[in-house]
Amino acid sequence: MRKGSVKEVLAKIKYDPRENESDYYIVIEHRGAYGGIKKIPVEMIELGHGYFFVGEAQIPYHRILKVVRKDGKVVWETRKL
């Protein structure tokens with residue numbers, strides 16, 4: 001499941017023509033959200049160096065808990081869970 005960094009996994013999903021980014025979402029730690037987590041479709045994010053962006057919001061990669069395919073398969077998960 002966990003192969004490489006979360007940034008590498010997201011880059012593969014976003015830029016590999018064999019992948020469809022609309023088939024994936026990320027689960028992040030989000031203060032203020034119900035239950036402290038939030039799901040964001042991968043197609044809504046832009047990758048940066050130490051952060052990813054959702055619109056104008058800049059969010060550090062360490063907030064990502066999981067990368068999940070829409071069929072429920074977890075393709076990456078942080079070790080702190």
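Two strands count as paired if DSSP finds at least two bridges between them; strands (E, at least two residues) and helices (H or I, at least four) are DSSP runs, numbered from the N terminus. The model is predicted: local features need pLDDT of at least 70, side-chain atom pairs count only at pLDDT 80 or more, and totals for chains, interfaces and linings use all residues. Residues are numbered from 1 along each chain as its sequence is written, and side-chain values use heavy atoms, with hydrogens and water left out.

**Exercise 1. Work out the strand order of the four-stranded open sheet.**

Step 1. Start with strand E1 (residues 24–29), which is joined to strand E6 (residues 64–69) by five bridges, the two running antiparallel. Within this pair, Tyr25 has Val68 of E6 as its bridge partner.

Step 2. Move on to strand E7 (residues 74–77), which pairs with E6 over three bridges, again in the antiparallel sense. Here Lys66 is bridged to Glu77, and Val67 to Trp76.

Step 3. Put the strands together: the order is E2-E1-E6-E7, with antiparallel pairing. Strand E2 (37–41) and E7 each have a single partner strand and stand at the edges, so one side of each lacks a neighbour in the sheet. From one strand to the next, the twist averages 20° (axes are lines fitted to C-alpha atoms, for helices over the stretch in contact; angles run from 0 to 180 degrees between N-to-C directions).

**Exercise 2. Find the turn residue with a positive phi in the E6–E7 hairpin.**

Step 1. Go to the link between E6 and E7, where four residues separate the two strands of the hairpin.

Step 2. Check phi in the turn: Gly72 has a positive value of about 100°.

**Exercise 3. Place helix H1 against the strands.**

Step 1. Locate H1 at residues 6–15. The chain has one helix and seven strands, in the sequence pattern α-β-β-β-β-β-β-β.

Step 2. Look at what the helix covers: H1 lies across E1, E6 and E7, at about 30° to E6.

**Exercise 4. Describe how buried the chain is and how its contacts span the sequence.**

Step 1. Take burial: 35% of the 81 residues are buried (under 20% relative accessible area, with exposed over 50% and partly exposed in between; 1.4 Å probe, protein chains only).

Step 2. Take contacts (heavy atoms within 4.5 Å): among those between residues at least 6 apart in sequence, 49% join residues at least 24 apart.

Step 3. Finish with the dimensions: the C-alpha trace spans about 35 × 25 × 20 Å along its principal axes.
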